[in-house]
Amino acid sequence: MEIITLTDENIADFSAYVDEDMQDEMSRIFYRGIGAIDDSDTPVGVLIYELKDCESEEDTKSRIRVFKCENEDVKRLLMKEYAESIEEEEVARSFYETEDEHMSRDLRENGFSLEVSEALDVVITIEDIKGISKLIRVKKFPPHIMSLSEASVTQYRAFVKNCLFKGRRGLLDDLAYLPMNWFEKDISSCAVTDDKIDGVLLVKKAPSGMLFALLFTAFGPDYKTNLGLLMAYTAQNIIEKYPEDTRVVIRRHNAMVKNLTDKFFAQRKGSDVFSGNRSEA
């Protein structure tokens, strides 16, 4: 048996363990993957994790995204390699959140805590999004509210620098490394004042067709008004451009996002998930 490093170039070989959306994530700079292959070069296990806060003043953390293996020997080898890898990355704590009971069991057997709770992610539908348009009535959007496709790369990069300076990354620890076209530009929206972007709602389309809202923030004296306009503008574009069965994932990672989902999508709850953590200090 052999342990190999997984990258965006070989992750497709592990498609039996990793879905297409997670395979797509492997091109991102803070994602790491460990794979196990048997003597016939057949994949028999995988562990994928995402580094968090590694470029901030906070302790570096690791979020385990996938952990699947065929047997105890593979599990042991993957966890041994994982421990060595995160030691090099100076990870202080590992954590996970999953609907996979087998994954939670395997991690619990390796020193992780376990609890069952509501997921931070909430999945909404096109029908839910239509409700936003009814609550936030905008007959005509002001000219400074536009799709990201109408902004320039220079404007986008300047806004990213401002976000990094202010510590506004949303769910994107790797915001500094993501090109503008990584996002779905026709439905992502931005507010432009004095030729500068001062607010965005950035959405990523995954290979599965699911949409992920990843950064929602605005600056300046009109930031509250702009946030409402950005939400309504993106909602309208999604309704116009995507089929009825489209699902949108919102991760309630802070109080502002949670308050918004409670207000606009009160009927939507996160699924029951297993979660836990382990100190790596």
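Of the 281 residues in the protein chain, 48% are buried. Keep in mind as you go through it that this is a predicted model. The chain holds seven helices and 13 strands. Its radius of gyration comes out at 20 Å, close to the 19 Å that the globule rule gives for 281 residues, so the chain is as compact as a globular protein of that length. If you'd rather think in box dimensions, the C-alpha trace spans about 60 × 35 × 35 Å along its principal axes. As for who touches whom, take the contacts with a separation of 6 or more: residues 24 or more positions apart account for 68% of them.

Now to the sheet. Six strands make up an open sheet with mixed pairing, and reading across it you get the order S7-S12-S11-S10-S9-S8. At the edges sit strand S7 (121-125) and strand S8 (145-147), each of which pairs on one side only. Going from one strand to the next, the twist averages 30°. Zoom in on the S8 edge and you'll find S8 pairing with strand S9 (residues 189-193) in the antiparallel sense, over three bridges. Ile145 has Ala191 in S9 as its bridge partner.

Two helices lie across strands of this sheet. Helix H5 (residues 153-166) lies across S9, strand S10 (196-205) and strand S11 (211-218), and runs at about 95° to S10. Helix H6 (residues 223-241) lies across S8, S9, S10 and S11, with an angle of about 160° to S11.

Next, the aromatic side chains. A pair of rings is described by the distance of the centres and the angle of the planes. There are eight aromatic pairs in the structure. One of them is Tyr96 with Phe112: the ring centres are 5.9 Å apart and the planes are at 70°, so this pair is edge-to-face, the cut-off for that label being over 60 degrees. Tyr96 belongs to strand S5 (residues 91-98), while Phe112 sits in the loop between helix H3 (101-108) and strand S6 (115-118), so the pair ties together parts that are 16 residues apart in sequence. Both Tyr96 and Phe112 are buried.

Compare that with Phe264 and Phe265, whose ring centres are 6.5 Å apart and whose planes are at 55°, so the pair counts as tilted. Phe264 has a relative accessibility of 13% and so counts as buried. Phe265 has a relative accessible area of 5%, so it is buried too.

There's also an aromatic cluster, formed by Tyr156, Trp182 and Phe183. Trp182 has a charge over its ring as well: the charged end of Lys204 sits there, 4.5 Å from the ring centre. Elsewhere, Lys166 lies over the face of Phe219, at 5.2 Å from the ring centre.

Last stop: Ser275, a residue of strand S13 (residues 272-279). With a relative accessibility of 12%, under the 20% cut-off, Ser275 counts as buried. Which residues is Ser275 in contact with, leaving aside its neighbours within four places in sequence? They are Tyr96, Glu97, Ser113, Leu114, Glu115 and Ser117. Tyr96 is a name you've already met, as the partner of Phe112 in the edge-to-face pair.

Definitions and conventions
Residues numbered from 1 in each chain as written. Predicted model: local features only at pLDDT ≥ 70, side-chain atom pairs only at ≥ 80, totals over all residues. Heavy atoms only, no water. Pairing = 2+ DSSP bridges. Helix = DSSP H or I, 4+ residues; strand = E, 2+ residues; numbered from the N terminus. Axes fitted to C-alpha atoms, helices over the stretch in contact; angles between N-to-C directions. Contact = heavy atoms within 4.5 Å. Phe/Tyr/Trp six-rings, centres within 6.5 Å; stacked < 30°, edge-to-face > 60°. Buried < 20%, exposed > 50% of the residue type's maximum accessible area, 1.4 Å probe, protein only. Lys NZ or Arg CZ within 6 Å of the ring centre and 35° of its normal. Rg over C-alpha atoms; globule rule 2.2 N^0.38 Å.
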